[in-house]
Amino acid sequence: MQNEVVSREEWLEARRALLAKEKEATRLRDSVNAARLALPWVKVDKDYVFETPEGRKSLADLFDGRSQLLIYHFMLGPDWDAGCPGCSFLSDHVDGALPHLNHHDVTWVAVSRAPLDKIAAYKQRMGWQFPWVSSFGSDFNFDYHVSFSPEDLAKDKVFYNFTPMQPADANDELPGLSAFYRNDKGEVFHTYSSYARGPEELIGTLMILDRAPKGRNEDSTMNFVRRHDEYEEAAKAPSCCH
């Protein structure tokens, strides 16, 4: 299917109309960002322990000397054979940002309930460098509403994305992003969480595709996504020279 073909003058008129909407969206994003920064905080009093390659660490330890911590709730359950393709898609965009985040007083850590050896194996397969720790045996994932026990899924509703939802629409693991702040006293505060499509803006590939002629070209949300080592080589377009 091809869009309407018009003159350059007609295209320019349509493009200017779209530019007005893009500027409106930018201003709205600025407003949302300001509201996000103005959210109240919740003090984290519970002691969470994570398994890391350097040994057991607390939530405060994960800050790695910085005052801000972003935790990506990566879908990799204890009995999963591989990480979620969507979480893997997002995580493909993280390593290049790490030096910039760290320099700006932000630490990024992925957290999954899978045991550390399973995390390490998948991380090596994907070739990633970002920190990734295990919350296996901890309440962390359950308290932040990204993991659900069989008992949870047997109930009438589960709580995800700040909303009760049908267990049939849930899973034992779901994605999310949470932010934390640590003050000079060592106190930790939960400042923000985002779920479902909330962290989508972190996926630079989607932002690029949105500007391509066919956009995301998907039948359902990210149905085209595969782990980066699972794509088949695309068939080469026929050449007029052959």
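This section describes the nonpolar cores, aromatic pairs, cysteines and one strand pairing of a predicted model.

The largest nonpolar core of the model comprises 25 residues, and those with the most contacts inside it are F74, W108, F130 and W132. The elements contributing two or more residues to this core are α2 (85–91), β5 (106–112) and α4 (116–126). A second core, separate from the largest one, contains 24 residues, among them F50, L69, V158 and F180. In soluble globular proteins, nonpolar side chains tend to be buried together.

W132 is in contact with a set of residues that, when those up to four places away in sequence are not counted, consists of P53, F74, L76, A110, V111, S112, L116, I119, Y122 and K123. One of these contacts, that with Y122, is also an aromatic pair with edge-to-face geometry, the centres being 6.3 Å apart and the planes standing at 75°. Because Y122 belongs to helix α4 and W132 to strand β6 (residues 132–134), this pair ties together parts that are ten residues apart in sequence. Both Y122 and W132 are buried.

A further edge-to-face pair is formed by Y144 and F180, with 5.5 Å from centre to centre and 75° between the planes. This pair links distant parts of the chain, since Y144 is found in the loop between α5 (140–143) and α6 (150–153), whereas F180 is found in strand β9 (residues 176–182), 36 residues apart. Y144 and F180 are likewise buried, and F180 is included in the second nonpolar core.

In total, the structure holds 21 aromatic pairs. Ring pairs join Y72, F74, W108, Y122, W128, F130 and W132 into a cluster, which includes the four residues with the most contacts inside the largest core, namely F74, W108, F130 and W132. An aromatic ring also takes part in an arrangement with a charged residue, as R8 lies over the face of W11 at 5.0 Å from the ring centre.

The count of disulfides is zero. For C84, the nearest cysteine sulfur is that of C87, at 3.8 Å, which is not within the 2.5 Å required for a disulfide, so that C84 and C87 remain unpaired by this criterion. C84 counts as buried at 13% relative accessibility, and C87 is buried as well, with a relative accessible area of 1%.

Strands β2 (residues 49–52) and β3 (residues 55–58) run antiparallel and are joined by four bridges. Together they form a hairpin with two residues between them, and T52 has G55 of β3 as its bridge partner.

Note on methods: Residues are numbered from 1 along each chain as its sequence is written. This is a predicted model: local features need pLDDT of at least 70, side-chain atom pairs count only at pLDDT 80 or more; totals for chains, interfaces and linings use all residues. Side-chain values use heavy atoms; hydrogens and water are left out. Buried means under 20% relative accessible area, exposed over 50%, partly exposed in between (1.4 Å probe, protein chains only). Two strands pair if DSSP finds at least two bridges between them. A nonpolar core is a set of buried Ala, Val, Leu, Ile, Met, Phe, Trp, Tyr and Cys residues joined through side-chain atoms within 4.5 Å. Contact means heavy atoms within 4.5 Å. Rings of Phe, Tyr and Trp (its six-membered ring) pair if their centres lie within 6.5 Å; planes under 30 degrees apart count as stacked, over 60 as edge-to-face and the rest as tilted. A charge sits over a ring if NZ of Lys or CZ of Arg is within 6 Å of the ring centre and within 35 degrees of the ring normal.
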